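User: Could you take a close look at one part of this model with me? I'm new to reading structures, so please explain the terms as you go.

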Amino acid sequence: MNYDLIIIGGGPAGITAGIYAARQKLNTLLITKNFGGQLNNKAVAVENYPGFERISGLELIQRFESHLKKQEIEIKIDEVLKVEKKTDNFVIVTKDKQKIESRAVIIASGADPRPLEVPGEKEFIGKGVSYCVLCDGPFFKNKTVAVIGGGNAGFEAAIFLSNIAKKIYILENSPQIRAFADNQEKIKKTGKTEIIINAVLKEIKGDKFVKSTIYQDMITKELKTLEVEGVFVEIGNQPATSFVKDLVDFNERDEIKVDFETFQTRTPGLFAAGDVNLGRYKQIVTAAGEGAKAALAASNYLQEINSI
Ligand SMILES: Cc1cc2nc3c(=O)[nH]c(=O)nc-3n(C[C@H](O)[C@H](O)[C@H](O)COP(=O)(O)OP(=O)(O)OC[C@H]3O[C@@H](n4cnc5c(N)ncnc54)[C@H](O)[C@@H]3O)c2cc1C
């Protein structure tokens, strides 16, 4: 089967691209590992998606998914391992060993949590170290935990945990907190969160489960120990691009470079929308908007190559 368009990813960018592509009557296949992407990890309510004053990330993405499934579009739950170019077509190689061809591709594979890369991190995954507060937070009832990262994700994780845990430390490696003012207000109101700035995590220790973390105070250079039973890693994301190394250019954060008018990469017919590209403001509404634009640009591209 040869498709007009293959969309990789089932988060806000990929789903919106799918809805727009189907309405452009493109013969489209959407391949994704799962539906929801980062919104599956969304611990608190979304309060900045127009039309919904407050909605959980999970409910919002379920609405996206159900809207998509009402369109004429094929969906395949699978992982893309490689995108190649063969004369006029792209060839997509998937984990279940399929090779599928299309004339255009939209990469909307978003991002994965960035690891800390400190001793003990890998060893204690699932034994106290977590990258998903919504999934694992409830296991830490009345326990003391650390959230690593003082940005919005770290603060939202701590706000969620404040209903469960006994005490929460937020460790931020820079001298300044980067979370929005409203999140900082909410943290103050929890009354059980301690923020430690200039704190660089060095090690996670334990036996069967996490028992403590060691961080360095960057001002005094002293190594300090915090006794915690959980470590929630919230230090940003790594774009999911391993399958497309040869056909696109990257910036220093491994984000795909695109032309912001069309969201096309350096390879004609290959587009990138949402958190996977170098766009600065990574939100649901921006990812969805970029997915819509990339699908319309892909439709134009296909019309142009078909009329040559
Ligand atoms: C804790 C947290 C809180 C947030 N809060 C908000 C908020 O309140 N408001 C807001 O606007 N934004 C918020 N965001 C940001 C928002 O979730 C993202 O900007 C948005 O999800 C990006 O959408 P995306 O479609 O680009 O990527 P993602 O959501 O990352 O989706 C990527 C999709 O691609 C799939 N995929 C990846 N690799 C492959 C592959 N090789 N093959 C097949 N499929 C693949 C994934 O399974 C996933 O379905 C938050 C994010 C986090 C982590």
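How much space lies in the second largest pocket?

Analyst: Happy to help! This is a predicted model, in which local features need pLDDT of at least 70 and side-chain atom pairs count only at pLDDT 80 or more, while totals for chains, interfaces and linings use all residues. Residues are numbered from 1 along each chain as its sequence is written, and side-chain values use heavy atoms, without hydrogens and water.

The second largest pocket holds about 280 Å³ of space. A pocket is an open set of points on a 1 Å grid over the protein atoms alone, where a 1.4 Å probe fits and protein lies on both sides within 12 Å along at least five of seven lines. Its volume is the space filled by probe spheres set on those points, joined across faces, edges and corners.

Lining it are 14 residues (each with an atom within 4 Å of a point). Nearest the centre are Lys 127, Gly 128, Phe 140, Phe 209 and Glu 229. By type, the lining has five nonpolar residues (Ala, Val, Leu, Ile, Met, Phe, Trp, Tyr, Cys, Pro), six charged (Asp, Glu, Lys, Arg) and three polar (the others, Gly among them).

Strands S10 (129–130) and S15 (210–217) each give two or more residues to this lining; strands are DSSP runs of E, at least two residues, numbered from the N terminus.

Following S10 back, the loop between S9 (111–113) and S10 contains Glu 117, which has a positive phi of about 60°. Glu 117 is exposed (over 50% relative accessible area, 1.4 Å probe, protein chains only), at 66%.

Technical notes:
Helix = DSSP H or I, 4+ residues; strand = E, 2+ residues; numbered from the N terminus. Buried < 20%, exposed > 50% of the residue type's maximum accessible area, 1.4 Å probe, protein only.
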